[in-house]
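Visitor: I would like a close look at a single part of this protein: the empty space inside it, and whatever surrounds that space. Please take your time over it.

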Amino acid sequence: MTKNEVFTTTIALSIDNGSSHVKVIYDHLDCSFIFPNVLAQPFGERFLLMEQGDPLDFLDVQITSPAIESDQYRHVYVGNLAIGDEGILHEIVGDKAVQKKAQRPETMVTLLTAAAYAIAKQHEDAIKRGKRRIKASVNLGTGLPIREITKFRDEFARKITGGVHSVTFITTPVFKGVTVEMEFSLPTDISIDDVSGVYDLEATSKSHLSHKGFGIADVGGVDMDIAFFRPGLDLDQRHSTGAKIYLNDALESIRNEVNAQGEELLASTAELTLMLVNKEYEIYAEGKVVFDMTSLINKHMRILAEKVLKFARSSWKHVRYANEFWFIGGGAVVLQPWIEKINAELGLPIRFDTAEHSQFRNVRGTFLMLDHALKHADEVAAGADAKGVTENGSGQD
């Protein structure tokens with residue numbers, strides 16, 4: 001096989017395109033990665049000292065896609081490479097947060113970049129041997145917030161499945177010069193984000209949710225999805241709802257107040273989110289603390305926790321069978337200390353997912369559903385083949 005030949009492959013992957021971070025699982029549950037949902041339009045050429053490092057930290061991509069119309073999204077830095085770049089930065093805050101996830105160009109950019117990276121990672125050995133073109137058939141599982149699922153599902157699906165999408169890695173180490181061409185299918189359609197997370201919770205935790213009536217909120221950087229389930233994991237469509245909470249905007253306010261000290265101490269809300277998830281409230285420079293964010297964070301997060309709890313309770317009070325309420329998602333990890341402090345006075349049966357798994361619940365649940373659908377499709381196909389052989393005798397000419 002020559003270097004210029006097209007390498008063909010098939011991959012199954014799930015993507016949770018969160019407002020703060022993009023989470024991906026491919027091939028099986030242990031193959032996962034995450035990167036900040038930050039884009040930057042490059043300013044000038046990227047200066048390289050060495051072509052080394054983790055490719056995930058240097059996602060420099062050129063995209064050709066029928067789903068991306070604007071030239072400003074053709075060549076972009078994605079994730080960690082975009083943070084702190086001098087170019088025009090795109091984060092899901094302000095006007096971007098107001099837009100529907102299904103209609104933001106950033107959603108398609110990060111989805112295509114994530115899929116291309118997973119495919120390249122899957123075939124890293126072939127790339128190291130000189131392969132430069134990969135053509136992939138992608139079985140994708142992905143979701144939308146509950147407030148968007150009815151109105152925007154078809155539009156979003158058409159963007160994904162409507163043609164061939166091409167991603168070329170420009171200066172990315174290991175994958176430099178590699179082009180990945182992708183055609184997508186959606187075996188499980190477009191799912192509802194927090195509903196997917198419930199399936200993973202039931203499959204992997206000891207909570208035995210299928211025997212209960214409960215509510216669950218997926219708290220993200222912009223959206224908060226609230227779903228209710230009757231015993232047997234029966235989704236209550238009438239009471240399930242969603243709201244925008246704008247956690248990212250609160251983090252942006254904190255970042256601006258910190259940076260008002262005269263230095264760019266925090267480059268992005270994604271960086272601040274990671275600090276809060278890790279309970280790191282002090283900023284270090286030159287080996288010493290230059291800013292303690294504790295009081296600032298307490299002020300903003302208390303207000304947001306009250307808002308989130310108010311949304312949850314206003315829905316929950318009408319659902320008589322729901323005996324407990326769960327919080328999952330990266331936003332839940334960030335807000336948990338403040339929600340628990342407020343609930344200490346209320347005494348509500350509130351449960352939090354483990355911080356280790358909370359961010360990945362939706363993408364794991366989506367992958368489980370995708371994997372099940374693909375295996376079931378194989379079984380159906382095998383059954384049909386067996387039936388054909390039986391009906392036609394030996395099946396030989």
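Visitor: By class, how many nonpolar, polar and charged residues does the lining of the largest cavity have?

Guide: Happy to walk you through it, and please keep in mind that this is a predicted model. The lining of the largest cavity has 14 polar residues, seven charged and five nonpolar. The volume enclosed there is about 290 Å³. In total 26 residues line this largest cavity, and the closest to its centre are G18, S19, K23, G220 and G221.

Now for the elements behind that lining. Five of them each supply at least two residues to the largest cavity: strand 1 (7-17), strand 2 (21-26), strand 12 (214-219), strand 13 (223-230) and helix 9 (330-346). Helix 9 gives the most, with three residues.

A UniProt annotation is worth placing beside this. The unreviewed entry marks residues 216-345 as "domain: Alp7A-like C-terminal". Over residues 216-345 the chain is 47% helix and 25% strand, and the end C-alpha atoms are 21 Å apart.

The structure holds two cavities of 30 Å³ or more, so let us turn to the other one. The second largest cavity has about 40 Å³ of space. Its lining is made up of S19, S20, N37, V38, E91, I92, V93, N248, T269, A270 and T273. You will recognise S19, which is also one of the residues closest to the centre of the largest cavity. By class, the lining of the second largest cavity divides into six polar residues, four nonpolar and one charged. Helix 7 (residues 269-277) gives the most to this lining, with three residues.

Helix 7 is a good guide to the open spaces too. The largest pocket has a volume of about 210 Å³, and helix 7 gives the most to its lining, with four residues. Strand 3 (32-36) is another element that supplies at least two residues there. Of the 15 residues that line the largest pocket, H21, P36, N80, A270 and L274 lie nearest its centre. A270 may look familiar, since A270 also lines the second largest cavity. By class, the largest pocket is lined by eight nonpolar, four polar and three charged residues.

The second largest pocket holds about 160 Å³ of space. R153, T188, I190, S191, I192, V195, S196, Y199, F229, L233, L235 and M369 line this pocket. Strand 11 (190-192) and helix 5 (193-204) each supply at least two of these residues. The lining of the second largest pocket has eight nonpolar residues, three polar and one charged.

Strand 3 also leads us from the spaces to the aromatic rings. Across the whole structure, a search finds 11 aromatic pairs. One of them joins F33 and F35, a stacked pair with the centres 6.4 Å apart and 15° between the planes. F33 is buried, with a relative accessible area of 7%, and F35 is buried as well, with a relative accessible area of 0%. Another pair is F327 and F352: their ring centres are 5.3 Å apart and the planes are at 20°, so this pair is stacked. F327 lies in strand 18 (residues 324-328) and F352 in strand 19 (residues 350-352), so the pair ties together parts that are 25 residues apart in sequence. Both F327 and F352 are buried.

F33 and F35 also belong to a wider group. Ring pairs link these two with Y26, Y117, F169 and F175 into a cluster. Y26 falls within strand 2 (21-26), one of the elements that supply at least two residues to the lining of the largest cavity.

One last stop lies within the stretch covered by the UniProt annotation, residues 216-345. Strand 16 (residues 282-285) and strand 17 (residues 288-292) pair in the antiparallel sense over four bridges. I283 has F291 in strand 17 as its bridge partner. The two strands form a hairpin with two residues between them, and E286 in the turn has a positive phi of about 55°.

How values were computed:
Residues are numbered from 1 along each chain as its sequence is written. This is a predicted model: local features need pLDDT of at least 70, side-chain atom pairs count only at pLDDT 80 or more; totals for chains, interfaces and linings use all residues. Side-chain values use heavy atoms; hydrogens and water are left out. On a 1 Å grid over the protein atoms alone, a cavity is a set of points where a 1.4 Å probe fits but cannot get out, and a pocket is an open set with protein on both sides within 12 Å along at least five of seven lines; lining residues have an atom within 4 Å of a point. Grid points are joined across faces, edges and corners, and a volume is the space filled by probe spheres set on the points. Ala, Val, Leu, Ile, Met, Phe, Trp, Tyr, Cys and Pro count as nonpolar, Asp, Glu, Lys and Arg as charged, and the others, Gly among them, as polar. Rings of Phe, Tyr and Trp (its six-membered ring) pair if their centres lie within 6.5 Å; planes under 30 degrees apart count as stacked, over 60 as edge-to-face and the rest as tilted. Buried means under 20% relative accessible area, exposed over 50%, partly exposed in between (1.4 Å probe, protein chains only). UniProt positions are given in the numbering used here, feature names are shortened, and annotations may be inferred rather than shown by experiment. Two strands pair if DSSP finds at least two bridges between them.
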